[in-house]
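Me: I would like to go through a structure with you, one topic at a time. Could you take my questions as they come?

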Amino acid sequence: MELQNIKRVYLIGIGGIGMSGLARYFAHLGCIVCGYDKTSTDLTNELHNEGIQVIFDDREDWIPLSFQTPDACTLVIYTPAIPKDSMILNFFINKGFELFKRSQVLGLISKGMFAIAVAGTHGKTTTSCMVAHILKDSGTDCSAFLGGISSNYGTNVLYGKNNIVVVEADEYDRSFLTLHPDIAIITSMDADHLDIYGDHEELNKSFRQFASQIKENGVLIFHEDLPLTTGITYSAHGHADAKSTNIRIEHGDFWFDFKNDIISIKDIKLGIAGLHNIENATAAIEAALMVGVEPELIKRALGSFRGVKRRFEYIVKNDKHIYIDDYAHHPEELRAAITSVKRLYPEKKLTTIFQPHLYTRTRDFADGFAEVLDMSDELIMLDIYPARELPIEGVNADMILDRMKMLNKRKCGKQEAVDLVRIEKPELLLTVGAGDIDTLVQPLKNALENV
């Protein structure tokens, strides 16, 4: 596949965060871009407003005539989340099209560029957005394919005028093995996606393989606690090569110092909250220094960094109520989010609304979810969001609730959760999950503000 020949692009699953980034990228290049997704969302509406045709009926007769016959100018991209019995997917297969995964296309785009790839079971989206923002804000510049909507730029894809590209490297379905970066960051390797990998060691093997694919003279940056051996370590504790120290909270803002073997940067104010984000920033600083960004410019950029939509995002912040929304859907991500909230607001009662994501993840980590959610003062549990999965007998949200020690817990539907918030007006509210819990953000905001 020669990307320079591509004039038409069809994306099956175009509404996904990674797929929509590719849709925008090819539209930016002047290609005809269209695609299918199951449901309409704010993101698909944005694509439509940008001139990209999106359909929501899985019917082959909705596919444009220009995509009916395979040729060297037509690219068809799909996401593994699409069901194998999808009519549109099977239309392209039966017509003889060569179908490419998103990760394969990212590999082709980044192949001839200086690639900074950020991987990890959690932390990769925020860290890759930090790296991209530092490069943009400092004037170094870059292109970027991000796994979330950057709050600074309002998009998940950035276009640069140089040869540097920042990519989020997704471990799901071993997708990141299509990448051969110059600089790789690995933030975490916690057990996840066990429906794909089977066990934690198989996941670790894939991360080690990803690390081995760094280009000659390239560099691996990884968290000090990870079972990797060669590269530059980072951490907010211990004896890492790059470390954040003197971490403190002043007037609700997080401050820290950075130090590696060569450079010290004092009094860095981070534009977003969270102890975990200080560690993410430590990795981003190390990567930025490697491409020649000046320390003072890095410091300025981190101060103006506004984070990623649904990553520790403040929805309401006033004297009466604090409401934070986060994408956390793994026990360790929940631990990071809840710990940061409680450190910021130690005197306030924390009400958490959690929507489990996937039956397999709920089954595999029910004990971990229960332990971490017990850190809240009150829990409202929603039903499992199945995403690509079919139900598993005996697996439900009660698996977590039954393991919890907390007494102030309940399970309810989404509308009931909104009604509870409207009545009880919690002073500190946290919503967490990777499913469609984001559709509650505005109703919950309205409930708190009496709209």
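Me: Which strand gives the most to the lining of the second largest pocket?
Reply: This is a predicted model. In it, strand 16 makes the largest contribution to that lining, with 3 residues.

Me: Which strands each supply at least two residues there?
Reply: Strand 14 (253–259), strand 15 (264–270) and strand 16 (313–317) each do so.

Me: And how much space lies in the second largest pocket?
Reply: The second largest pocket holds about 320 Å³. It is lined by 19 residues, and those closest to its centre are Gly271, Ile272, Ala273, Arg306 and Tyr314.

Me: How does that lining divide into nonpolar, polar and charged residues?
Reply: The lining of the second largest pocket has 7 nonpolar, 5 polar and 7 charged residues.

Me: Changing topic to the interior: how many residues has the largest nonpolar core?
Reply: The largest nonpolar core has 73 residues. Phe256, Ile285, Leu302, Phe354, Leu373 and Ile400 have the most contacts inside it. Helix 8 (residues 275–290) provides the largest share of this core, 8 residues.

Me: What is Leu302 in contact with, leaving aside neighbours within four places in sequence?
Reply: Leu302 contacts Met130, Ile134, Phe256, Ile268, Lys269, Leu270, Gly271, Ala281 and Ile285. Of these partners, Phe256 and Ile285 are also listed with Leu302 among the residues with the most contacts inside the largest core.

Me: What other core lies apart from that one?
Reply: There is another core, of 45 residues, which includes Leu11, Phe145, Leu203 and Ala211.

Me: Now the cysteines. How many disulfides does the structure hold?
Reply: The structure holds 0 disulfides.

Me: Why is Cys34 without a bond?
Reply: The closest cysteine sulfur to that of Cys34 belongs to Cys31 and is 11 Å away, so the two are too far apart for a bond. The cut-off for a disulfide is a pair of cysteine sulfur atoms within 2.5 Å. Cys129 is likewise in no disulfide, and its nearest cysteine sulfur, in Cys142, is 10 Å away.

Me: Is Cys34 buried or exposed?
Reply: Cys34 counts as buried because its relative accessibility is 4%. Cys129 also counts as buried, at 3%.

Me: Where does His223 lie?
Reply: His223 lies in strand 11 (residues 219–223). With a relative accessible area of 7%, His223 is buried. Beyond its neighbours within four places in sequence, His223 is in contact with Ile186, Thr187, Tyr234, Ser235, His237 and Glu279.

Me: And what does Thr351 touch, not counting residues up to four places away in sequence?
Reply: Thr351 touches Glu378, Ile380, Pro426, Leu428, Leu429 and Leu430. Thr351 is in strand 18 (residues 350–354) and is buried, at a relative accessible area of 3%.

Me: How far apart in space are Thr351 and Asp61?
Reply: They are 48 Å apart from C-alpha to C-alpha, and 290 residues apart in sequence.

Me: Last one: where does Met375 lie?
Reply: Met375 is in the loop between helix 11 (359–373) and strand 19 (378–381). Its relative accessible area is 26%, so Met375 is partly exposed. Not counting residues up to four places away in sequence, Met375 touches Arg335, Ile338, Thr339 and Lys342. The C-alpha atoms of Met375 and Gln355 are separated by 16 Å, with the two residues 20 apart along the chain.

Definitions and conventions. Residues are numbered from 1 along each chain as its sequence is written. This is a predicted model: local features need pLDDT of at least 70, side-chain atom pairs count only at pLDDT 80 or more; totals for chains, interfaces and linings use all residues. Side-chain values use heavy atoms; hydrogens and water are left out. Buried means under 20% relative accessible area, exposed over 50%, partly exposed in between (1.4 Å probe, protein chains only). On a 1 Å grid over the protein atoms alone, a cavity is a set of points where a 1.4 Å probe fits but cannot get out, and a pocket is an open set with protein on both sides within 12 Å along at least five of seven lines; lining residues have an atom within 4 Å of a point. Grid points are joined across faces, edges and corners, and a volume is the space filled by probe spheres set on the points. Helices (H or I, at least four residues) and strands (E, at least two) are DSSP runs, numbered from the N terminus. Ala, Val, Leu, Ile, Met, Phe, Trp, Tyr, Cys and Pro count as nonpolar, Asp, Glu, Lys and Arg as charged, and the others, Gly among them, as polar. A nonpolar core is a set of buried Ala, Val, Leu, Ile, Met, Phe, Trp, Tyr and Cys residues joined through side-chain atoms within 4.5 Å. Contact means heavy atoms within 4.5 Å.
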